[in-house]
Amino acid sequence: MNQKFIRLTRAFALLGLGITIATGVSQSGAWLSAISRVQSATTIGHDTPHQGHFVNENIADVPWTLAPTYAAAAGETVRYELSTTAYAPKNEKGGLDDYHCFLIDPKLESDRFVTGVYVLPQNGKMVHHAILFRVEPENVAEAKEFNKNGEGWSCFGGSGLGTRGNANVGASDLENPGGRGGAWVGAWVPGAGKGNLPAGIGVPVKKGSMYVMQIHYNLANGLGTDRSSFELTYAPVGSQLQAIRNQNYIAPVELPCPDGINTPACQRDTTIARNVAEVGAFAARQSAGALLLCKRTLADYQKPVGDASSISTSCDRSIRADATLYSVAGHMHLMGKQIKVELISEGKSKTLLSIPKWDFHWQGNYWFKDPVQAKKGDVIRVSCVFDNSANNRPLIGNNPLEMRYIAWGEGTADEMCLSMINQTSN
Ligand SMILES: [Cu+2]
């Protein structure tokens, strides 16, 4: 419950300890932007009471000056507004998070490739992340139905589309426990800037497709309204680019309270029940799905955990077909301490990304200067370490989060252990 301690450690993490560069990649395999990210964040030097907890209020105040990824490719850039009126995020069940999906019709008259995504969050105090999904033409009718009043819909997890047996299961959903809702076109998270893809690569979008923008609103900083927008750069009509896709790699998150604390809030059932009440049965499927996917059981995550300041998890997933890996990102919430992503090939491990002092700012995609080749059967291992101790209670409003069991979930006070890897099939 020591708030000062939290602030100090978070600030410390910002002072240059955020990222270590991959150690196992070829000597020349430096990352395009990791170094400059460290420098940028160091020079920003936020000093607010909520540092590391409600980062987006800072993003509204300070232009986020991370290194750009790639130069914009030739093509046209189109700006899309999410709605014609401001949206007022809410959570009728009293939770601190609202996941809202907006439907956007780009009126595409031919198949196109997107080569750049630029999300412009308007209300930085509330917008916690944004994911742009593509809605395949066969799912457009369903999307319109969801969007009946033109104001979008509530959508925890994914877009919520494609759950009725139709084919709109994007690659990323295969790794998304309980996943629903379509392939990613792009995403915005704290720390992410303008996202241009490498030359020759694009996200294919078919004629007649639509977009769903899912925005995670965090209500812990109070209520308000939002009118975010985004820009897409399209390659000229007729361009033949290599299709890139985002693939998610997850590990289970099961964080007991410190040994000796057995309050109701420290029971797993309490946490799962609360999440189900807030977002639906989907929440329970996420936690169970993560265990199943990673061939783990709850027995792997039981006490004793000591003071709960160092709880580890990991998951191995095989690559299904030869692939070229272009970028890697790590994602955790406020209890995250470390995240590491490795590629294991013929028994040898290459570190793709290692963030030994996690900070909520370090979520952006890190693009490999030299793309990494992965063979069918290679393993992606994502490992996370969490701190659920009494010394690490994020502030919710002005109050430290109670001691509780923490499971995989969409809420800011829940957790994730997730890596996103942009890749192409060879
Ligand atoms: Cu998350």
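What span should the 12 residues of helix α6 have at 1.5 Å a residue, and how far apart are its end C-alpha atoms?

I note first that this is a predicted model, where local features need pLDDT of at least 70, side-chain atom pairs count only at pLDDT 80 or more, and totals for chains, interfaces and linings use all residues. Residues are numbered from 1 along each chain as its sequence is written.

Entry on α6. I took residues 282-293 and expected 16 Å; the end C-alpha atoms are 16 Å apart, which agrees. The expected span is 1.5 Å times one less than the number of residues. I then listed the buried residues of α6: Phe282, Ala283, Gln286, Ser287, Ala290 and Leu291. Buried means 20 or more other C-beta atoms within 10 Å of the residue's own, with C-beta atoms placed from the backbone. These residues pack against β12 (245-250), α5 (268-279) and β22 (406-407). Just after α6, I found Lys295 with a positive phi of about 55°.

Entry on the whole protein. I counted six helices and 23 strands; these are DSSP runs, helices being H or I of at least four residues and strands E of at least two, numbered from the N terminus. Buried residues make up 50% of the 426 residues. Of the contacts (C-beta atoms, placed from the backbone, within 7 Å) with a separation of 6 or more, 83% join residues 24 or more positions apart.

Entry on β10. I looked up its pairing (at least two DSSP bridges between two strands). Strand β10 (residues 229-234) runs antiparallel to β1 (residues 76-81), with six bridges, and Glu81 stands opposite Ser229. Six bridges also join β10 to β3 (residues 112-120), again antiparallel; there Val114 stands opposite Tyr234.

Definitions and conventions. A residue is buried if 20 or more other C-beta atoms lie within 10 Å of its own, exposed if 12 or fewer, and partly exposed in between; C-beta atoms are placed from the backbone. Two residues are in contact if their C-beta atoms, placed from the backbone, lie within 7 Å.
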